[in-house]
Amino acid sequence: MASALSTKDAPAALGPYSQAVKLPAASELIFVSGQIPLTPNGVLVSGTIAEELATALSNVQAILKEAGATLENVVKSTVFLSDMEYFGEANEEYLRWFTWDLKPARSCVAVKQLPKNARVEVECIARI
């Protein structure tokens with residue numbers, strides 16, 4: 001049976017979902033819900049796309065840590081942007097967080113709107 005993961009070092013879920021879900025030991029997969037640039041105490045970070053993505057990735061990192069994993073365990077990520085004009089700046093910041101040679105598979109898509117009118121959101125799948 002899957003189990004929910006939760007940490008106070010990342011913002012609480014904004015809706016009816018878990019911060020992350022971990023499958024049984026046999027699969028060792030962790031599915032991290034989308035993280036926007038929200039601080040653990042609920043403040044939406046508003047700055048450059050790089051700063052906002054850094055906050056969202058910091059939340060992902062905190063959730064992975066709670067599961068006993070790191071960003072190096074990420075095998076797939078999805079970055080949602082409110083506008084593709086942010087793609088270049090987002091890529092530069094993403095590279096600061098994923099510095100090793102074998103990067104995770106990734107999709108980056110533009111969406112009409114994100115929760116709390118954030119401009120970026122990140123979700124991922126990690127394997128321990």
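**Exercise 1. Find how S4 pairs with S5, and how many bridges join them.**

Solution. In this predicted model, S4 and S5 run parallel. The two strands are joined by 6 bridges. Take one pair as a check: Thr78 has Ser107 as its bridge partner in S5.

**Exercise 2. S4 also pairs with S6. Determine the sense of that pairing and name bridge partners.**

Solution. Step one: read the directions. S4 covers residues 74–81 and S6 covers residues 120–127, and the two run antiparallel. Step two: count the bridges. There are 7. Step three: pick out partners. Phe80 is bridged to Glu121 in S6. Thr78 faces Glu123 of S6.

**Exercise 3. Place the strands in order across the sheet and say which stand at the edges.**

Solution. Start with the order: S1-S2-S3-S6-S4-S5. These 6 strands make an open sheet with mixed pairing. Now look at the edges. S1 (3–5) and S5 (105–110) each have a single partner strand, so one side of each lacks a neighbour in the sheet. Going from one strand to the next, the twist averages 15°.

Then fill in pairings around S3. S2 and S3 are antiparallel, with 3 bridges. S3 and S6 are also antiparallel, with 5 bridges. What holds such pairs together in general? Strands of a sheet pair through backbone hydrogen bonds.

**Exercise 4. Describe the setting of Thr78: its element, its burial and its contacts.**

Solution. First, the element. Thr78 belongs to strand S4. Second, burial. The relative accessible area of Thr78 is 11%. The cut-off for buried is under 20%, so Thr78 counts as buried. Its strand fits that picture: 6 of the 8 residues of S4 are buried, so S4 is largely enclosed by the rest of the structure.

Third, contacts. Leaving out residues up to four places away in sequence, Thr78 touches Ser107, Glu121, Val122 and Glu123. Fourth, compare distance along the chain with distance in space. Thr78 and Glu123 are 45 residues apart along the chain, yet their C-alpha atoms are separated by 5.4 Å.

**Exercise 5. Work out what helix H1 packs against.**

Solution. Begin with the sheet. H1 (residues 49–66) packs on the sheet and touches S2 (20–22), S3 (29–35), S4 and S6. The direction of H1 makes about 30° with that of S6.

Move on to the other helix. H1 packs with H2 (residues 87–97) at an angle of about 35°. Their axes are 9 Å apart. The crossing of H1 and H2 is right-handed.

Now list the residues that meet:

- From H1: Ile49, Ala50, Leu53, Ala54, Leu57, Ser58 and Gln61.
- From H2: Glu89, Ala90, Glu93, Tyr94 and Trp97.

Last, sort the contact residues by type. The split is 8 nonpolar, 2 polar and 2 charged.

**Exercise 6. Identify the residues that touch the most other members of the largest nonpolar core, and trace the surroundings of Ile30.**

Solution. The largest nonpolar core has 30 residues. Ile30, Val32 and Leu64 touch the most other members. Next, find the sources. S3, H1, S4, H2 and S6 each give two or more residues to this core. H1 gives the most, with 9 residues.

Focus on Ile30. Across the S2 pairing, Lys22 stands opposite Ile30 in S3. On the S6 side, Ile30 stands opposite Ala126. Not counting residues up to four places away in sequence, the contacts of Ile30 include Leu5, Val21, Leu64, Ala67, Cys124 and Ile128. S3 itself is mostly covered, with 5 of its 7 residues buried.

Then check for another core. A second, separate one has 5 residues, among them Ile36, Leu38, Phe80 and Ala118.

**Exercise 7. Find the residues with positive phi in the loop between S5 and S6.**

Solution. Recall the general rule: most residues other than glycine have a negative phi. Two residues here depart from that sign. Lys116 has a phi near 55°. Asn117 has a phi near 60°. Now locate them. Lys116 lies in the loop between S5 and S6, and Asn117 is also placed in that loop.

Is Asn117 buried or exposed? The cut-off for exposed is over 50%. Asn117 has 53% relative accessibility, so Asn117 counts as exposed.

Definitions and conventions
Residues are numbered from 1 along each chain as its sequence is written. This is a predicted model: local features need pLDDT of at least 70, side-chain atom pairs count only at pLDDT 80 or more; totals for chains, interfaces and linings use all residues. Side-chain values use heavy atoms; hydrogens and water are left out. Two strands pair if DSSP finds at least two bridges between them. Helices (H or I, at least four residues) and strands (E, at least two) are DSSP runs, numbered from the N terminus. Axes are lines fitted to C-alpha atoms, for helices over the stretch in contact, and angles run from 0 to 180 degrees between N-to-C directions. Contact means heavy atoms within 4.5 Å. A crossing is left-handed if the near helix is turned anticlockwise from the far one by less than a right angle, and right-handed if clockwise. Ala, Val, Leu, Ile, Met, Phe, Trp, Tyr, Cys and Pro count as nonpolar, Asp, Glu, Lys and Arg as charged, and the others, Gly among them, as polar. Buried means under 20% relative accessible area, exposed over 50%, partly exposed in between (1.4 Å probe, protein chains only). A nonpolar core is a set of buried Ala, Val, Leu, Ile, Met, Phe, Trp, Tyr and Cys residues joined through side-chain atoms within 4.5 Å.
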